Amino acid sequence: MPETNDLEELTIARFHEGVREGSLSSRELTQWYLDRIAAHNVDGAAINAVVTVNPSALAEAEARDAAFSASGQLTGPLHGVPVLVKDQAETAGIPTAFGSAAFADYVPEADARVVELLRAAGAVILAKTAMCDFAAGWFSSSSRTGHTLNAYDATRDSGGSSAGTGAGVSVNFGLVGVGEDTGGSIRIPASFNNIYGLRVTTGLISRTGFSPLVHFQDTPGPMARTVEDLATLLEVMVGYDPSDEYTAVAATEQSAVGYAASLTDVPPLSRWRVGILETAFGEGEEAQEVNTVVRRAIADITAAGSAIVEGLEIDGLPQWISDTSVYVRQSRSDLNRFLGSRQGPVASFDELTASGRFEALNDLIPEIAAGPADTEGDTEVTRLRLNQEHFRRMLRTLFAEADADFVVYPTVQVPAPTHEGLRAGQYTALSFPTNTVIWLCQLKPNPPGQSSEDPLALGDAVSPGRLCSLLGGLWGRVGLGAGGFPDGSGGVGVEDADADADDDVEPAGGEPDREDVDEDDGEVGEGVVAGG
């Protein structure tokens, strides 16, 4: 079995090389991750990224090994790969809590469609990861698990709502992971934990078996330490699902294939014309640290030959963000519908909120509870969605006038908040200065639904070739903040002008020091993260 350092830097391709050479098996790798989780999830570094370990993980790994021994062939593109899955996705026989203490003992009878696709591609479902209650927030606060620590700074939050997948992939609790994003929930934790996270156009990936928040914005997405692994996982997840009408996008979108192949011939960055969205940069001392990192990344892109269009502006951007947010009007209805279709401990979101069984720091939940029980014919929802259309046209005009291929901006305007600051009420869900909701409106009218990614967020309609080619060229060019952690500054948001799908990517920076799990003493110590 390879040395620990080799496993920490492992990619899917190198793992499969080890399988073919006979130097590494799925069982050995799965056991290594299980040992690491046992040592540092609750104990040791106490990252608190994993909610539930799959009790059948080793058996699944052994089955992959046996299949390879019998045929000499990998069982699929994710053969034997231990995957972390956000606890928002239902998993047959494995408890699925949706971040809620009330659902701690809920065990689904069927897998989410994405989980079915992972298994069919040969993956090992390793563990379920932490999230805030029903994905209703930008932070890790959960009535089921409490806070998840940032992989780089234990005093800071991992970001949410895909908190456990972001931190878990970063600290090597799994090889790759699945998150879910409604307005930033993949991109924010990817940014704060310095990994890659991709929010795709709603409908490219099935939501069947995932708890909703805003059904016309929700989408699962891949999270990984390298561009190649992100593309490999993405290609497995994309596809039409008759149970999710929004996935007609996947059935009709010609670019919904070839993600991994697009990395084989990466064009130079001089091919791209990149605009800088100045009004998305924050002000103040905290924002300055973020701005410094983003400006440095832009300088690197410029040095690599990209044409830069400076000074792009959106007048009244904060008001546009507020006037296109539908959470408090839409989410209660969507959650009531979902919970009413499950055999869980409560039959509605209303029943859950009445019981008070949710994390008090998740201030968006009471706001959602005050929204309409049914949005059919709701004039305020209609107004907000029309606002999204107006904003969408404004963003497309921005691209047209700048003649830009991509637009760049900070993913989040401030560093990852400290847990002390969150407890003191430093931010609320509706006041947190994230830019991930900007490109939420850069979609076609039906369905609306994308945002921008973390450190490098690729927004509107990114075809797989353009997206993965750009990421391949940018890989290693975005670093850390002055404090040595990916502070949201680690993120440049990049929005593509050309495609029909809104895909936003959060790329990690080049190979920075980070606070990592020290195998010797169980404390948090200096280390290096692959692709970060």
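# Exercises on a predicted model

Ala 224 lies in strand S6 (residues 219-224), where strands (E, at least two residues) and helices (H or I, at least four) are DSSP runs numbered from the N terminus. The structure is a predicted model, in which local features need pLDDT of at least 70 and side-chain atom pairs count only at pLDDT 80 or more, while totals for chains, interfaces and linings use all residues. Residues are numbered from 1 along each chain as its sequence is written, and side-chain values use heavy atoms, with hydrogens and water left out.

**Exercise 1.** Decide whether Ala 224 is buried or exposed, and find the residues with which Ala 224 is in contact, leaving aside neighbours within four places in sequence.

*Solution.* Start from the definition: buried means under 20% relative accessible area, exposed over 50%, and partly exposed in between, with a 1.4 Å probe and protein chains only. Ala 224 counts as buried because its relative accessibility is 0%. Next, take contact to mean heavy atoms within 4.5 Å; with those neighbours left aside, Ala 224 touches Val 169, Val 176, Ile 195, Tyr 196, Asp 229 and Leu 230. Finally, consider Val 176, which is 48 residues from Ala 224 in sequence, although their C-alpha atoms are 4.9 Å apart in space.

**Exercise 2.** Work out how many residues of helix H8 (residues 227-237) are buried.

*Solution.* Going through the helix, one finds that nine of the eleven residues of H8 are buried, so that the helix is mostly covered. Among them are Asp 229 and Leu 230, both of which are also in contact with Ala 224. After H8 comes Gly 239, which has a positive phi, near 160°.

**Exercise 3.** Determine in which sense strands S7 and S8 pair, and establish the hand of the crossover between them.

*Solution.* Two strands pair if DSSP finds at least two bridges between them. Strand S7 (residues 273-277) and strand S8 (residues 307-312) have four bridges and run in the parallel sense, with Arg 273 standing opposite Ala 307 in S8. From S7 the chain passes through helix H10 (residues 285-303) to S8, and this β-α-β crossover is right-handed, a term used if, with the strands pointing away from the viewer, the path from the first strand over the helix to the second runs clockwise.

**Exercise 4.** State how the residues lining the largest pocket divide by class.

*Solution.* Ala, Val, Leu, Ile, Met, Phe, Trp, Tyr, Cys and Pro count as nonpolar, Asp, Glu, Lys and Arg as charged, and the others, Gly among them, as polar. On a 1 Å grid over the protein atoms alone, a pocket is an open set of points where a 1.4 Å probe fits, with protein on both sides within 12 Å along at least five of seven lines, and lining residues have an atom within 4 Å of a point. The lining of the largest pocket has 20 nonpolar, 13 polar and no charged residues.
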